[in-house]
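User: Hi! Could you walk me through this model?
Analyst: Happy to, here it is.

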Amino acid sequence: MSYEVEIGRGKRGRQAMPLDAVSIVPTRRTRDPEDVSLDWQIDAFKFSMPVIGAPMDSVMSPATAIQLGQLGGMGVLNLEGLWTRYENPQPVLDEIAALKAQQFSPENTARLQELYAAPIQPDLISARIEEIREAGVVVAGALTPQRTQEFYKTVVDAGVDMFVIRGTTVSAQHVSETKEPLDLKKFIYELDVPVIVGGVAGYTPALHLMRTGAAGVLVGFGGGASSTTRRALGIRVPMATAISDIAEARRDYMDESGGRYVHVIGDGGTGNSGDIVKAIGMGADAVMLGTTLARADEAPGKGWHWGLEAAHSEFPRGDRTHVGTVAGMDELLLGPTNHTNGTANLMGALRRAMASTGYTDLKDFQKVEVQISPTYTG
């Protein structure tokens, strides 16, 4: 059952919930945290935690992608970022970290636009992928839909294991009168590697993306800490409702396809461990983390966080946001820690929440009872 609220005489809107609005409810049974499994598998690739590092230059470098892979997750390198534009991006990263210490700054944005105007070098794409591959972890790289046609052959030839197509919003039915759109269904069918695609924020567009053959869909639309999409475009989708809607699309697609399972990955709005818990509880199979991993001591952003959209040449929709540093990535993800605010030991928190509600694996935890918080005003 869904509820519409009258906005005015000529417009009604469906009520939707962010993750802040929902709470996980304990059941009659509890478990030992040691009995809980956080194992997650997508296609042929197995992981010991349901964590994907967001393809953002402030979060994932080849080194941090390798480190995340060795800890049991999957790092995704931004193949349109500084690592594929500069042979040595460290001076550029140092300069970005040293920009004015303020979030909203047209001068900072102008400098980001200049730095990201350097051309993408196909040989650097190959070199970065090879660097990660040599470490023996799953290799994942991301392109935007606009760049996929141009660079996907380079990416696949370099030996990527998982291909991510990530944009602010991605549809299976993009229409253009001036450019040849990316035919996702044909593209995914012809690739030899699994594809994760998104963002998507509703039942119907998610169902269409699942029909393209994608192995996973990213749920989210400009909801991260560094994004200004809500202010700039007036578009925002509350994540609790979005994940729940798309989990239902996954179930219906399984019936339609005779059992093919497409993974639902929460991408945005998971700035602390409680948000991660609730994203899984709402039906996500895994989460793609940006802000939370940008706080790691090893993160390339040195406590600053930004996305590719912050440097868009025509219409930037993001700021360089100060998130600070919390701990090393191992403590941040796996603990132990002395932080009490949900910024570290993220997987320990997920494990304990599952144990406290009586669940021992992620698939079962998607069935957990939730309530709307009494403090939520809508």
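Below we go through a helix, a hairpin, some salt bridges, an aromatic pair and a surface patch.

User: What should I know before we start?
Analyst: This is a predicted model, so to speak of local features pLDDT must be at least 70, and side-chain atom pairs count only at pLDDT 80 or more, while totals for chains, interfaces and linings use all residues. Residues are numbered from 1 along each chain as its sequence is written, and side-chain values use heavy atoms, with hydrogens and water left out.

User: Great. How many residues does helix H9 have, and how far does it reach?
Analyst: H9 covers residues 239-257, which is 19 residues, and spans 26 Å from its first C-alpha to its last, close to the 27 Å expected at 1.5 Å a residue. The expected span is 1.5 Å times one less than the number of residues. Helices here are DSSP runs of H or I with at least four residues, strands are runs of E with at least two, and both are numbered from the N terminus.

User: Which residues in H9 are buried?
Analyst: Among them are Met 239, Ile 243, Asp 245, Arg 250 and Tyr 253. Buried means under 20% relative accessible area, exposed over 50%, and partly exposed in between, with a 1.4 Å probe and protein chains only.

User: And what comes just after H9?
Analyst: Gly 258, with a positive phi of about 80°.

User: Switching to strands: how do S1 and S2 run?
Analyst: Antiparallel, with four bridges joining S1 (residues 4-8) to S2 (residues 11-14). Strands pair if DSSP finds at least two bridges between them. A hairpin of two residues makes the connection from S1 to S2, and Gly 8 sits opposite Lys 11 in S2.

User: What does Glu 6 form with Arg 12?
Analyst: A salt bridge, with the closest N and O atoms 3.6 Å apart. The term needs a side-chain nitrogen of Lys or Arg within 4 Å of a carboxyl oxygen of Asp or Glu. Glu 6 is exposed at 54% relative accessible area, whereas Arg 12 is partly exposed at 46%. Glu 4 belongs to the picture too, since a network of salt bridges links Glu 4, Glu 6 and Arg 12.

User: How many salt bridges does the whole structure have?
Analyst: The search finds 18. One of the pairs is Glu 114 with Arg 111, at 2.8 Å from N to O. Both lie in helix H3 (residues 106-115), three residues apart, about one turn of the helix.

User: Any aromatics? How many pairs turn up?
Analyst: Four aromatic pairs in the whole structure. In the pair of Phe 163 and Phe 187, the ring centres are 5.8 Å apart and the planes are at 65°, so it is edge-to-face. This pair links distant parts of the chain, with Phe 163 in strand S9 (residues 162-166) and Phe 187 in helix H6 (residues 184-190), 24 residues apart. Rings of Phe, Tyr and Trp (its six-membered ring) pair if their centres lie within 6.5 Å; planes under 30 degrees apart are stacked, over 60 edge-to-face, and the rest tilted.

User: Are those two rings' residues buried or exposed?
Analyst: Phe 163 is buried at 0% relative accessible area, and Phe 187 is buried at 6%. Together with Tyr 152, Phe 163 and Phe 187 make up one aromatic cluster.

User: Last one: where is Leu 233?
Analyst: In helix H8 (residues 229-233). Leu 233 is partly exposed, with 41% relative accessibility.
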